[in-house]
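Hi everyone, thanks for coming. I'd like to walk you through one structure this morning, so let's get it up on the screen.

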Amino acid sequence: MANAGARPKLFADGPRRITLALQGGGAHGAFTWGVLDRLLEEEGLEIAAISGCSAGALNGAALKSGWAMGGREGARATLDWLWEQMGAIPDLSFGQWLMTFLPGPAMTAKMLEAMFPFPVFEAMTTAISPYDLPFWENPLQKVVDQFAWDKVCAREGPRFFVSATNVRTGKVRVFSDGEIDTRVILASACLPNLFKAIEIEDPATGTTEAYWDGGYAGNPALFPLYDRDLPDDLVIVNINPLVREAVPTTAQEISNRINEISFNSSLLRELRAIGFVKRLLAEGVIAKGAMKDVRVHMIADDALMQSLSAMTKLLPTPSLLAQLKAAGREAAGRFLQQDAARIGESASVDIVKMFT
């Protein structure tokens, strides 16, 4: 007898292949954790490749290594482990008991902002360089060091790309396959006001380059997902709101919006390029098949993310992470319910209209 509570299969007519683009955004990356947790429940959905930046790179590494060890359930378990570790990084037990009783992420954000005023934090990071603190260690390293790198770089499971920003040139560098290790993930998540630049040797030239957060030049980089052997359906998990209707007026709101615009600019450039190619294909200027006709989908919750701020990106309290995971699962569920049938057929985001 069939289980009455079982979820109906969305892809009964055969598997659907997608690529994933995972944005960075500090603790807000727990939203992506929830999205991935829900997508991995769908047996008929095959993740062929992942491009990640910062928190997106952390999520991608956890999914890839977990997949290599135990398939879908292994990936979900490793993602759970990652964010349990992330929630344990800062000693935020003070006030944590109170935040567990708050009704949602927005109220949790207000409490965090009251406890840790962002203008004070911003003033400190502007006045003091991480190079002024010789004993300062990157708190992410203890987590990232625990990844099974042979599994992250394994041939099994999705292809994996990580972007970081070259400090000297300002250009994006995309790492893949055997190039990815602790330093690459740390480079992709290196906020320059908080951490010293990560130095990585380029095996092709033998020179060593310094890298900052990939979000400055590719948040995340989409072009690695254009390979002909990868599917045309690209799902972007967006955790930085593209649009805010209200004009920011307070110092914190202005700083937060500048942060969002800066970290969305590279993504918008690549989406505009996709729209341009689509228009050329539609007008017959270039022959079909000459360039990849990407079908773009997006999973986001702008209303939720607009209620948060740059401060909550930096404070991964367990209660906030749990709330964001739940919100990510809900957003992925809505996407699957509304747009799953489009995968393999048509885009659910009208890129041409977005930039018209």
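I'll talk about one strand and its neighbours, and then about some salt bridges. Please keep in mind that this is a predicted model.

Let's start with strand S6, residues 208-212. Which of its residues sit on the covered face, and which on the uncovered one? Glu 209 and Tyr 211 are on the covered face, while Thr 208, Ala 210 and Trp 212 are on the uncovered face. If you read those numbers along the chain, you'll recognise the general pattern: in a regular strand, side chains alternate between the two faces of the sheet.

Now, who pairs with S6? One partner is strand S5, residues 198-201, which pairs with S6 in the antiparallel sense over 4 bridges. Within that pairing, Glu 201 stands opposite Thr 208. S5 and S6 form a hairpin with 6 residues between the strands, and in this hairpin Gly 206 takes a positive phi near 80°. Another partner is strand S3, residues 159-166, also antiparallel to S6 and joined to it by 2 bridges. There, Thr 165 has Trp 212 as its bridge partner.

Staying with S3 brings us to the salt bridges. Arg 159 forms one with Asp 227, and the closest N and O atoms are 3.0 Å apart. Arg 159 lies in S3 and Asp 227 in the loop between S6 and strand S7, so this pair ties together parts that are 68 residues apart in sequence. Both ends count as partly exposed: Arg 159 has a relative accessibility of 28%, and Asp 227 has 31%.

How many salt bridges does the structure hold? The count is 22, and I'd like to show you two more, which share Glu 41. With Arg 38, Glu 41 meets at 3.5 Å, N to O. With Arg 76, the closest N and O atoms are 3.2 Å apart. Arg 76 lies in helix H2 and Glu 41 in the loop between helix H1 and strand S2, so the pair ties together parts that are 35 residues apart in sequence.

Are these three residues buried or partly exposed? Arg 38 is buried, with a relative accessible area of 8%, and Arg 76 is buried too, at 18%. Glu 41 is partly exposed at 21%, because the cut-off for buried is under 20%.

Finally, these three belong to a network of salt bridges that also links Asp 37, Glu 42, Glu 73 and Arg 329. That's my tour, and I'm happy to go back to any part of it.

Notes: Residues numbered from 1 in each chain as written. Predicted model: local features only at pLDDT ≥ 70, side-chain atom pairs only at ≥ 80, totals over all residues. Heavy atoms only, no water. Buried < 20%, exposed > 50% of the residue type's maximum accessible area, 1.4 Å probe, protein only. Pairing = 2+ DSSP bridges. Salt bridge = Lys/Arg side-chain N within 4 Å of Asp/Glu carboxyl O.
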